[in-house]
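Please look through the sequence and the model shown here, and then follow the explanation below from the overall fold to individual residues.

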Amino acid sequence: MTVDAIKSVAVVGAGTMGQGIAQVCAAAGYKVLLYDIQPDLISNALERIRKNLVTLVEKGKITAAQKDSVTALITPVSDFRQLQVELVIEAVIEKLEVKQKIFAELEKINDQSCILTTNTSSIPITQIAASLKYPQRFAGLHFFNPAPAMKLVEIVKGTATTDETVQLLFQLAQKLSKQAVLAQDSPGFIVNRVARHYYVEALKLLEENVADFKTIDALLRATGFKMGPFELMDLIGVDVNFSVTTSMFNAFHHDPKFRPSRIQQQKVDAGHHGRKTGKGFYDYE
């Protein structure tokens with residue numbers, strides 16, 4: 001498989017990351033099949049992509065013709081068996097067993113040359129690939145939120161991932177106008193491992209009543225960060241952020257420095273997941 005042989009891409013998962021990745025791939029000229037087990041998430045994703053593109057037109061960053069072209073390249077798919085492509089990017093919930101089941105099914109319906117990738121933020125690539133027949137063509141392709149705006153992509157090499165697969169993904173990242181970096185397989189990879197403490201320590205300050213969350217955000221913005229940790233958690237999704245922290249806490253054998261926050265757990269239990277639900281640490285309604 002060469003990068004020029006990739007004509008169609010399947011994006012599995014139509015949540016915040018999935019819709020952003022679908023937009024990025026379509027903007028680069030790829031035919032995109034967008035799948036989710038929940039049909040309403042697909043329609044919501046398509047509407048958000050349309051709104052994003054309209055905003056870009058209004059700002060003069062793309063033309064109306066380019067907007068129409070990108071929209072036309074994204075096809076909603078409700079039948080998993082239709083996902084016969086040259087490249088798959090999975091962006092579903094951070095649960096190992098769910099991802100393994102998806103990739104096992106994808107292997108059954110695709111040629112063995114098909115490149116399979118995961119957008120996981122924290123689960124080791126080798127672990128996900130353990131049950132695959134062809135783990136050599138499997139790798140991490142980790143985009144950051146919002147995917148259309150964030151330039152960085154982490155390419156994560158599992159134990160069995162070949163150098164050829166890694167090089168192909170570097171070439172793909174270039175076509176997607178992204179800056180790729182190689183990360184070896186480790187929980188959280190590079191960015192999430194370093195950034196985890198931006199959230200974890202901020203939550204500890206809140207738990208210990210050192211300051212309220214608005215004050216913590218304001219102080220960190222004043223030091224040069226574009227967004228405070230609580231604003232960023234709301235943007236990413238409080239549930240997603242909590243899931244990544246929990247995954248890393250378990251992967252590092254309950255190292256206290258990755259301990260999930262009880263306050264964040266309460267937010268997740270209450271359904272206060274951030275901007276996408278209208279309420280997180282801040283109220284968006």
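In this predicted model, residues that lie 24 or more positions apart supply 67% of the contacts with a separation of 6 or more. The secondary structure of the protein consists of eleven helices and eight strands.

The overall dimensions can be considered next. A compact globule of 285 residues would have a radius of gyration near 19 Å, and the protein has 19 Å, so the value agrees with that expectation. Along the principal axes, the C-alpha atoms fill a box of roughly 55 × 45 × 30 Å. Of the 285 residues, 48% are buried, while the area that the protein exposes comes to about 13,800 Å², with carbon and sulfur atoms supplying 54% of it. As for charge, the protein has 32 positive and 30 negative charges, and the mean positions of these two sets are 3 Å apart.

Turning to the aromatic side chains, a search of the whole structure finds nine aromatic pairs. One of them is formed by Y35 and F80, whose rings are arranged edge-to-face, with 5.3 Å from centre to centre and 80° between the planes. Because Y35 lies in strand β2 (residues 31–35) and F80 in the loop between β3 (74–77) and β4 (87–90), this pair ties together parts that are 45 residues apart in sequence. Both partners fall below the 20% limit for buried residues: Y35 counts as buried at 12% relative accessibility, and F80 is buried with a relative accessible area of 18%. Elsewhere, ring pairs link F213, F230, F281 and Y282 into a cluster.

The backbone also deserves attention. Most peptide bonds are trans, and most residues other than glycine have a negative phi. The peptide bond from N145 to P146, however, is cis, with omega near -5°, and P146 is found in the loop between β6 (138–143) and β7 (152–157).

Positive phi values are found at S177 and at H253. S177, which is not a glycine, has a phi near 60° and is placed in the loop between α6 (163–175) and β8 (179–184), where it counts as partly exposed at 46% relative accessibility. H253, likewise not a glycine, has a phi of about 55° and is found in the loop between α10 (238–251) and α11 (262–269); with a relative accessible area of 72%, H253 is exposed.

Terms used
Residues numbered from 1 in each chain as written. Predicted model: local features only at pLDDT ≥ 70, side-chain atom pairs only at ≥ 80, totals over all residues. Heavy atoms only, no water. Helix = DSSP H or I, 4+ residues; strand = E, 2+ residues; numbered from the N terminus. Rg over C-alpha atoms; globule rule 2.2 N^0.38 Å. Buried < 20%, exposed > 50% of the residue type's maximum accessible area, 1.4 Å probe, protein only. Contact = heavy atoms within 4.5 Å. Areas by Shrake-Rupley, 256 points an atom, 1.4 Å probe, with all protein chains shown as cover. Lys, Arg positive; Asp, Glu negative; His and termini not counted. Charge placed at Lys NZ, Arg CZ, Asp CG, Glu CD. Phe/Tyr/Trp six-rings, centres within 6.5 Å; stacked < 30°, edge-to-face > 60°.
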